[in-house]
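Student: Got a minute to walk through this one with me? Let's start with the strands.

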Amino acid sequence: MHYFIMKKNKLGFTFKELLIVIIIIATVLSLKPTHFSDYKGSKEEAIKKACFSNLRVLQNAIEKYNEENDNKMSTLDQEILLSKKYISDIIEDRKPDKRCKYLSEGDLSTEGYIYCEYHGDLSQQHRKWLKK
């Protein structure tokens, strides 16, 4: 038997290889609008949750401070909370987002509340301790 050994000189892509690459690119591009566009929304939601977590830390610290001290805290003062060890560090404005700024409204020893200037305050349900 006589066998022919042919050398394949491959200079480019075959039609099959090009078709597979085009299908892969088309699949990736079709996913972009439905899957990747939600990234911004989920990132913003994570920032908001981190901001509200900071508000809860401050809220709990103020609640504990007002329970244990005769001189009630009427406005947000993180320096006092830090010096009395109700928080371990100052929760800085602009964290987790440069638009975050933590403030208080009203008298925190009665019906006041704390809020982020950008994200707002915790819901009424989370502020029930202020009404005690």
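Student: How many strands are in the open sheet, and in what order?
Tutor: This is a predicted model. Three strands make up the open sheet, ordered β1-β2-β3, with antiparallel pairing.

Student: Which ones are the edge strands?
Tutor: β1 (102-105) and β3 (120-121). Each of them pairs on one side only.

Student: What holds paired strands together in general?
Tutor: Backbone hydrogen bonds, in either a parallel or an antiparallel arrangement.

Student: OK, β2 and β3. How many bridges?
Tutor: Two bridges, antiparallel, with β2 covering residues 113-116.

Student: And what does Cys116 stand opposite in β3?
Tutor: Gly120.

Student: Is Cys116 buried or exposed?
Tutor: Cys116 is buried, because its relative accessibility is 1% and the cut-off for buried is under 20%.

Student: Switching to cysteines. How many disulfides are there?
Tutor: The count is zero. Cys100 is in none; its nearest cysteine sulfur belongs to Cys51, 3.7 Å away.

Student: Why is there no bond from Cys116 to Cys51?
Tutor: Their sulfurs are 3.5 Å apart, so they are too far for a bond. A disulfide needs the pair within 2.5 Å. Cys51 holds the closest cysteine sulfur to that of Cys116.

Student: Cys100, buried or exposed?
Tutor: Buried, at 1% relative accessibility.

Student: New topic: Ile62. Where is that?
Tutor: Ile62 sits in helix α2, residues 38-68. Ile62 is buried, with 0% relative accessible area.

Student: What separates Ile62 from Ser109 in space?
Tutor: 8.6 Å between C-alpha atoms, though the two are 47 residues apart along the chain.

Notes
Residues numbered from 1 in each chain as written. Predicted model: local features only at pLDDT ≥ 70, side-chain atom pairs only at ≥ 80, totals over all residues. Heavy atoms only, no water. Helix = DSSP H or I, 4+ residues; strand = E, 2+ residues; numbered from the N terminus. Buried < 20%, exposed > 50% of the residue type's maximum accessible area, 1.4 Å probe, protein only. Pairing = 2+ DSSP bridges.
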